[in-house]
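Visitor: Could you walk me through this one? I'd like to start with a strand and then move to a helix.

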Amino acid sequence: MKAQMQKGFTLIELMIVVAIIGILAAIAIPQYQNYVAKSQVSRVMSETGALKTAIETCMMEGRDFSTTPACELGWTASNLIGEGEGEGQAGGTPQDGLTVTISLSANTASVAADFGGNAAATLSSSSLTWARSDAGVWSCTTNVDAKYRPSGCGEAAAATN
């Protein structure tokens, strides 16, 4: 008589595989969440940075949000900024959580974005700001944790009381 060959996995083998998958998941999930948050900060930096060209054009034409015709930014709502996508409002607030200011007299401008909406929970109550000096130089600052901060965007100065 031939002995029947056993086919399949033992319970111990299956338990070892499940343990290995659990260990890998415990390491991979936090790293993935950090990656998502960092990519969201980079995306907001890119989206708001795109407004610099429109703002420069308006400033060269001597237009701001109070002139006629008013400065048109051509903004498309972002789901990472503010509490919702919202419609554009008057002045320099194209959507909730985004504020654009243009000062023709001081030759300065700024774009400030507050994280919200679909942004990662670790980014809540954080913001990213582009500021234009009177010399026409743009600089980016943000108050997100250093591990999420993209290159080219420095740390925001701490508020003083």
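Visitor: Along β4, which side chains are buried and which are not?
Guide: This is a predicted model, in which local features need pLDDT of at least 70, side-chain atom pairs count only at pLDDT 80 or more, and totals for chains, interfaces and linings use all residues. Residues are numbered from 1 along each chain as its sequence is written, and side-chain values use heavy atoms, with hydrogens and water left out. Along β4 the side chains alternate, with Trp-138, Cys-140 and Thr-142 buried on one face, while Ser-139 and Thr-141 point to the other and are not buried. Buried means under 20% relative accessible area, exposed over 50%, and partly exposed in between (1.4 Å probe, protein chains only); strands (E, at least two residues) and helices (H or I, at least four) are DSSP runs, numbered from the N terminus.

Visitor: And in what sense do β3 and β4 pair?
Guide: They pair in the antiparallel sense over 5 bridges, where pairing requires that DSSP finds at least two bridges between two strands. Arg-132 stands opposite Trp-138, and Gly-136, in the turn of this hairpin, has a positive phi of about 90 degrees.

Visitor: Switching to α2, which residues are buried there?
Guide: In α2, residues 51-60, the buried ones are Leu-51, Ala-54, Ile-55, Cys-58 and Met-59. Seen down the helix axis, they fall within an arc of 135 degrees, so they line one face of α2; the arc is that of the directions from the axis to the C-beta atoms.

Visitor: What's exposed on the other side?
Guide: Thr-53 and Met-60 are exposed there.
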